[in-house]
Amino acid sequence: MRARLKASLPGKTELLAGAPVWGMLMALSAAASLHLGKRLDFPTDTVLLALYFAGGALGWSAALPLARFCAAGRRPDTRLASCLFWLSVATVGITALLFALQYRSFYAQWHAPFMTRIWLNQFVFTSASAVYQFAVMGLRLYLPLGFVFLLAASAIMARRIR
């Protein structure tokens, strides 16, 4: 188990070069989706694109060791499946978390004092609403390019895992 954990640690180049590239691809995917829907407005959408960039970059950093841990020593199709699963879950999950944090920070001005029962209730339901809103409206910004990028990046990742 210790050897498997050690083998799952990515190299600095993979981590430091891959994270910003994956983040840029996710921001590009969101921008392309907004452009295709004729909803892209750069002055107002820069925060949204930055959110997708940060979610992609942090998602890459989280997915890489998890995919390597699950796929080490496995068949090529299992390595590809592991990379697809972890890269998509980490990217979407972290982007949704960042969206929820931003959403929560906006509504915090109307919430009860910190760590009261009402505050906790407001925190949980505001965060849950944000994640739901991201699932309904934010996931579509990964299409059509995000899926293509996911397949390509997962194939490259799977090849590099031994």
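Buried means under 20% relative accessible area, exposed means over 50%, and partly exposed lies in between. The exercises below use that cut-off on a predicted model.

**Exercise 1. Describe the overall build of the protein: its helices, its strands and its extent.**

Solution.
- Step 1. Count the elements. The protein has six helices and zero strands.
- Step 2. Read along the sequence. The pattern is α-α-α-α-α-α.
- Step 3. Take the extent. The C-alpha trace spans about 50 × 40 × 25 Å along the principal axes of the protein.
- Step 4. Look at burial. Of the 162 residues in the protein, 37% are buried.
- Step 5. Look at contact range. Take the contacts between residues at least 6 apart in sequence; 79% of them join residues at least 24 apart.

**Exercise 2. Find how α2 and α6 are oriented to each other, and say what their contact is made of.**

Solution.
- Step 1. Two packed helices are described by the angle between their axes and the distance between the axes.
- Step 2. Locate the pair. Helix α2 covers residues 12-36 and helix α6 covers residues 145-160.
- Step 3. Get both values. The axes come within 9 Å and cross at roughly 160°.
- Step 4. Apply the cut-off. Angles over 145 degrees count as roughly antiparallel. The helices α2 and α6 are therefore roughly antiparallel to each other.
- Step 5. Add the hand. The crossing of α2 and α6 is right-handed.
- Step 6. Name the residues. On the α2 side they are Glu14, Trp22, Leu25, Met26, Leu28, Ser29 and Ala32. On the α6 side they are Leu145, Gly146, Phe149, Leu150, Ala153 and Arg160.
- Step 7. Sort them. The contact of α2 with α6 has nine nonpolar, two polar and two charged residues.

**Exercise 3. Work out how α3 packs against α2 and against α4.**

Solution.
- Step 1. Start with α2 and α3. Their axes come within 7 Å and cross at roughly 140°.
- Step 2. Classify the angle. The helices α2 and α3 are therefore oblique to each other.
- Step 3. Add the hand. The crossing of α2 and α3 is right-handed.
- Step 4. Sort the contact residues of α2 with α3. They divide into 17 nonpolar, four polar and three charged.
- Step 5. Go on to α3 (residues 42-71) and α4 (residues 76-107). Their axes come within 7 Å, with a crossing angle of roughly 145°.
- Step 6. Give the hand and the contact. The crossing of α3 and α4 is right-handed. Its contact residues are 18 nonpolar, six polar and one charged.

**Exercise 4. List the salt bridges and say which helices Glu14 ties together.**

Solution.
- Step 1. Recall the principle. Side chains of opposite charge can pair when their charged atoms come close.
- Step 2. Count. The structure holds three salt bridges.
- Step 3. Take Glu14 with Arg68. Their closest N and O atoms are 3.0 Å apart. Glu14 lies in helix α2 and Arg68 in helix α3, so this pair ties together parts 54 residues apart in sequence.
- Step 4. Check burial. Glu14 has 15% relative accessibility and so counts as buried. Arg68, at 14%, also counts as buried.
- Step 5. Take Glu14 with Arg160. In this salt bridge the closest N and O atoms are 3.2 Å apart. Arg160 lies in helix α6, so the pair with Glu14 of α2 ties together parts 146 residues apart in sequence.
- Step 6. Join the two. Glu14, Arg68 and Arg160 are linked in a network of salt bridges.
- Step 7. Finish with Arg75 and Asp77. Their side chains meet in a salt bridge at 2.7 Å, N to O. Arg75 is exposed, with a relative accessible area of 54%. Asp77 is at 45% and counts as partly exposed.

**Exercise 5. Place Leu28: its helix, its accessibility and its contacts.**

Solution.
- Step 1. Find the helix. Leu28 lies in α2.
- Step 2. Classify the accessibility. At 44% relative accessibility, Leu28 counts as partly exposed.
- Step 3. Find the contacts. Leaving out residues up to four places away in sequence, Leu28 touches Leu145 and Phe149.
- Step 4. Compare sequence with space. Leu28 and Leu145 are 117 residues apart in sequence. Their C-alpha atoms are 8.1 Å apart in space.
- Step 5. Put Leu28 back in its setting. Leu28 is one of the α2 residues that meet α6, where Leu145 and Phe149 are among the partners.

Key
Residues are numbered from 1 along each chain as its sequence is written. This is a predicted model: local features need pLDDT of at least 70, side-chain atom pairs count only at pLDDT 80 or more; totals for chains, interfaces and linings use all residues. Side-chain values use heavy atoms; hydrogens and water are left out. Axes are lines fitted to C-alpha atoms, for helices over the stretch in contact, and angles run from 0 to 180 degrees between N-to-C directions. Helices (H or I, at least four residues) and strands (E, at least two) are DSSP runs, numbered from the N terminus. A crossing is left-handed if the near helix is turned anticlockwise from the far one by less than a right angle, and right-handed if clockwise. Ala, Val, Leu, Ile, Met, Phe, Trp, Tyr, Cys and Pro count as nonpolar, Asp, Glu, Lys and Arg as charged, and the others, Gly among them, as polar. Angles under 35 degrees count as roughly parallel, over 145 as roughly antiparallel, 65 to 115 as roughly perpendicular and the rest as oblique. Contact means heavy atoms within 4.5 Å. A salt bridge is a side-chain nitrogen of Lys or Arg within 4 Å of a carboxyl oxygen of Asp or Glu. Buried means under 20% relative accessible area, exposed over 50%, partly exposed in between (1.4 Å probe, protein chains only).
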